Amino acid sequence: MAGLTNTIDRLFDAALALVYPQACAACGVRGVERRADWPACAECWDATRLFEGGETLCWKCGAPAGGEVPEEVKPNVRCRRCEPEAFKAARACGLYEGALRASVLGLKREPFIPPRLSRMLREAARRAPLDEATLVVPVPLHRRRERERGFNQAALLASSLAKNVGLPFDAWSLTRLAHSERHRAGMDALARRESVEGAFGVDRPRLVGGQNVLLVDDVFTTGATADACARALLDAGARAVFVLTAARAV
Ligand SMILES: [Zn+2]
Ligand SMILES: [Zn+2]
């Protein structure tokens with residue numbers, strides 16, 4: 001059966017490249033030859049720094065650390081900059097560049113998750129320390145913004161991930177109270193933090209009480225949003241908050 005599926009996949013990929021050559025969304029030059037790589041070409045995926053479990057990261061915030069340490073030392077690696085953050089640990093599929101950046105940008109326009117991103121999210125959620133999670137919750141968009149866009153890309157990622165790892169999904173308990181200023185490129189870390197402080201609340205504390213929440217978003221930038229959401233969830237009785245994003249700022 002696997003053989004047949006592979007053959008069908010290959011035939012489909014060949015047909016796709018012939019009848020519908022699609023330019024890579026990252027480089028815009030080469031074509032996307034395999035459905036599994038969409039929306040970027042294989043070369044762009046190769047050039048994107050992805051986290052696949054072997055690398056050394058700050059165990060708490062997931063920031064890449066220089067050098068390698070033995071496996072048993074990894075849970076002790078800390079960058080120390082993330083000490084005040086309320087979440088227990090944050091991870092991303094890779095850095096916000098190349099193929100991953102193109103995937104995230106595409107997700108803001110169209111509610112479709114690239115297969116490769118979906119697989120990486122599933123694998124990250126199954127690795128320590130995120131594997132302690134018991135409930136998947138997306139970072140909410142303000143209702144007005146969700147209406148403008150038609151969907152919340154974080155909720156899309158979270159619901160698909162929840163299904164893939166067999167965890168319950170809750171997109172209703174955590175809500176965005178204030179319509180915070182859009183994060184602009186020029187905003188510094190402090191301004192970003194102030195813009196989301198107190199911006200989140202929990203409507204149904206009963207549903208998050210005692211849970212190890214896996215908070216899902218598209219991009220981890222300064223950690224301000226994740227921290228504000230984690231505080232709201234912990235105030236509502238969550239046991240711990242883990243964070244998983246498609247990408248983290250370079
Ligand atoms: Zn490319
Ligand atoms: Zn850190």
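Trainee: At about what angle does helix α4 run to β6?

Mentor: The model is predicted, and the angle is computed from its coordinates. Helix α4 comprises residues 115–126 and lies across three strands, β1, β5 and β6. Relative to β6, the direction of helix α4 makes an angle of about 150°.

Trainee: Which strands stand at the edges of the sheet?

Mentor: The open sheet has four strands in the order β1-β6-β5-β2, with parallel pairing. An edge strand pairs on one side only, and this holds for two members of the sheet. The edge strands are therefore β1 and β2 (135–138).

Trainee: How large on average is the twist from one strand to the next?

Mentor: The strands concerned are those of the open sheet β1-β6-β5-β2. From one strand to the next, the twist averages 25°.

Trainee: About what angle does the direction of α3 make with that of β6?

Mentor: Helix α3 spans residues 98–109 and packs on the sheet, where it touches β5 and β6. Between the directions of α3 and β6 the angle is about 105°.

Trainee: Is strand β6 largely enclosed by the rest of the structure or largely exposed, and why?

Mentor: Strand β6 covers residues 240–248, nine in number. Burial requires 20 or more other C-beta atoms within 10 Å. Eight of the nine residues are buried, so strand β6 is largely enclosed.

Trainee: How many bridges join strand β5 to β6?

Mentor: Strand β5 (residues 212–220) runs parallel to β6. One of the pairings places A240 of β6 as the bridge partner of N212. On the other side, β1 (residues 89–92) pairs with β6 in the parallel sense over four bridges, with F242 as the bridge partner of A89. For β5 and β6, the number of bridges is eight.

Trainee: What is the handedness of the β-α-β crossover from β5 to β6?

Mentor: Strands β5 and β6 run parallel. The chain passes from β5 through helix α9 (residues 224–235) to reach β6. This crossover is right-handed.

Trainee: Which residue in β5 stands opposite V137?

Mentor: Strands β2 and β5 pair in the parallel sense over four bridges. Within β5, the residue opposite V137 is L215.

Trainee: Is N212 exposed, partly exposed or buried?

Mentor: N212 belongs to strand β5 and touches E132, A133, T134, R239, A240 and F242, leaving out residues up to four places away in sequence. One of these, T134, is 78 residues away in sequence, yet the C-alpha atoms are 5.2 Å apart. N212 has 18 C-beta neighbours inside 10 Å, so its class is partly exposed.

Trainee: Is L100 exposed or buried?

Mentor: L100 is located in helix α3. Beyond four places in sequence, its contacts are T48, C93, G94, L95, A246 and A247. Because 28 other C-beta atoms lie within 10 Å, L100 is buried.

Trainee: Which helix contributes the largest share of the largest nonpolar core?

Mentor: The core contains 67 residues, of which V213, L214, L215, L233 and F242 touch the most other members. The largest share amounts to seven residues, and these come from α9.

Trainee: Which residues does L233 touch, not counting those up to four places away in sequence?

Mentor: L233 is among the core residues that touch the most other members. Its contacts are L174, V202, V208, V213, A238 and V241.

Trainee: What distance separates the centres of domain 1 and domain 2?

Mentor: The chain is divided into domain 1 (1–47) and domain 2 (55–248). The contact between domain 1 and domain 2 takes 10 residues from the former and nine residues from the latter. Taken over C-alpha atoms, the centres are separated by 29 Å.

Trainee: What is omega for the cis peptide bond that joins W38 and P39?

Mentor: Most peptide bonds are trans. P39 lies in the loop between α1 (2–19) and α2 (42–47). A second cis bond runs from A128 to P129, with omega near 5°, and P129 is found in the loop between α4 and β2. For W38 and P39, omega is about 10°.

Trainee: What is the phi of R80?

Mentor: Most residues other than glycine have a negative phi. R80 lies in the loop between α2 and β1, and it counts as exposed because it has 8 C-beta neighbours inside 10 Å. Although R80 is not a glycine, its phi is positive, at about 75°.

Definitions and conventions: Residues are numbered from 1 along each chain as its sequence is written. Chains are lettered from A and ligands numbered from 1 in the order in which they are written. This is a predicted model: local features need pLDDT of at least 70, side-chain atom pairs count only at pLDDT 80 or more; totals for chains, interfaces and linings use all residues. A residue is buried if 20 or more other C-beta atoms lie within 10 Å of its own, exposed if 12 or fewer, and partly exposed in between; C-beta atoms are placed from the backbone. A crossover is right-handed if, with the strands pointing away from the viewer, the path from the first strand over the helix to the second runs clockwise. Two residues are in contact if their C-beta atoms, placed from the backbone, lie within 7 Å. A nonpolar core is a set of buried Ala, Val, Leu, Ile, Met, Phe, Trp, Tyr and Cys residues joined through C-beta atoms within 7 Å. Axes are lines fitted to C-alpha atoms, for helices over the stretch in contact, and angles run from 0 to 180 degrees between N-to-C directions. Domain bounds come from an automatic or database domain assignment.
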